[in-house]
Amino acid sequence: MYITAVVLAVLLALAYLAAGSSKALGQDKALAQADHLGVPHGVNRLIGVLEVLGAATVVVGLWVAWLGVAAGAGLALLMAGAVGAHLRAKDPGKAVVPALALGLIALVYVFLRLATA
């Protein structure tokens, strides 16, 4: 199970690093998405910073289990908020799926870290 946790941690880190850095740097595409979802730019940057920190922390969490659990739970909560924002914006289901999938992967990571701690 630990190897599965490692694989999920790497996948989560890559996904959240890519998504978070775009938001944290205030790239045009991220700002346009924030406008569409009704998220203020400052809040969007904060979300990006949290995603980048979460990406790093899930990897560190492979050595410090409680930190991995906390990071995974935080990322899952961020994705719950993202799903809510997409639904509020009346986005089609295919726009909601990435946030939902990443949130579920983060939850699976949390349960694996709890099981292998």
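**View 1. Helices α3 and α4 pack against each other in this predicted model.** Helix α3 (residues 41-60) and helix α4 (residues 65-88) meet at an angle of about 145 degrees, and their axes lie 8 Å apart. Here, axes are lines fitted to C-alpha atoms, for helices over the stretch in contact, and angles run from 0 to 180 degrees between N-to-C directions. Helices are DSSP runs of H or I with at least four residues, numbered from the N terminus. The crossing of α3 past α4 is left-handed, a term used if the near helix is turned anticlockwise from the far one by less than a right angle. On the α3 side, the contact is made by I47, L50, E51, G54, A55, T57, V58 and V60; on the α4 side, by L67, G68, A71, G72, L75, L78 and M79. Contact means heavy atoms within 4.5 Å. Sorted by class, this contact has 10 nonpolar, 4 polar and 1 charged residues, where Ala, Val, Leu, Ile, Met, Phe, Trp, Tyr, Cys and Pro count as nonpolar, Asp, Glu, Lys and Arg as charged, and the others, Gly among them, as polar.

A word on conventions: residues are numbered from 1 along each chain as its sequence is written. Because the model is predicted, local features need pLDDT of at least 70 and side-chain atom pairs count only at pLDDT 80 or more, while totals for chains, interfaces and linings use all residues, and side-chain values use heavy atoms, with hydrogens and water left out.

**View 2. The largest nonpolar core has 19 residues.** A nonpolar core is a set of buried Ala, Val, Leu, Ile, Met, Phe, Trp, Tyr and Cys residues joined through side-chain atoms within 4.5 Å. Buried means under 20% relative accessible area, exposed over 50%, and partly exposed in between, with a 1.4 Å probe and protein chains only. The members that touch the most others are L12, Y16, V58, L62, L75, A106 and Y109. Helices α1 (2-24), α3, α4 and α5 (93-116) each supply at least two residues of the core, and α1 gives the largest share, with 6 residues. Look around Y16 and, leaving aside neighbours within four places in sequence, you will find S21, E51, V52, A55, L75, M79, L102 and G103 in contact with Y16.

**View 3. Helix α4 is seen along its 24 residues.** From its first C-alpha to its last, α4 reaches 35 Å, close to the 34 Å expected at 1.5 Å a residue; the expected span is 1.5 Å times one less than the number of residues. The buried residues of α4 are A65, G68, V69, A71, G72, L75, A76, M79, V83, A85 and H86, and they pack against α1, α2 (28-37), α3 and α5.

**View 4. G68 sits in helix α4.** With a relative accessible area of 0%, G68 is buried. Apart from residues up to four places away in sequence, G68 touches T57, G61 and Y109. The C-alpha atoms of G68 and G54 are 8.9 Å from each other, with their positions 14 residues apart along the chain counted as their separation.

**View 5. V69 of helix α4 meets residues of α5.** V69 counts as buried because its relative accessibility is 18%. Not counting residues up to four places away in sequence, V69 touches V110, R113 and L114. V69 and R113 are 44 residues apart along the chain, yet their C-alpha atoms are separated by 6.2 Å.

**View 6. Helix α5 has 24 residues.** Its first and last C-alpha atoms are 34 Å apart, close to the 34 Å expected at 1.5 Å a residue. V96, A99, G103, A106, Y109, V110, L112 and R113 are buried in α5, and the buried residues of this helix pack against α1, α3 and α4.

**View 7. K90 and G38 are two exposed loop residues.** K90 is found in the loop between α4 and α5, and its phi is near 60 degrees, a positive value in a residue other than glycine. K90 counts as exposed because its relative accessibility is 72%. G38 lies in the loop between α2 and α3 and is exposed, at 55% relative accessible area. From G38 to R88 the distance is 9.1 Å, C-alpha to C-alpha, and the two are 50 residues apart in sequence.
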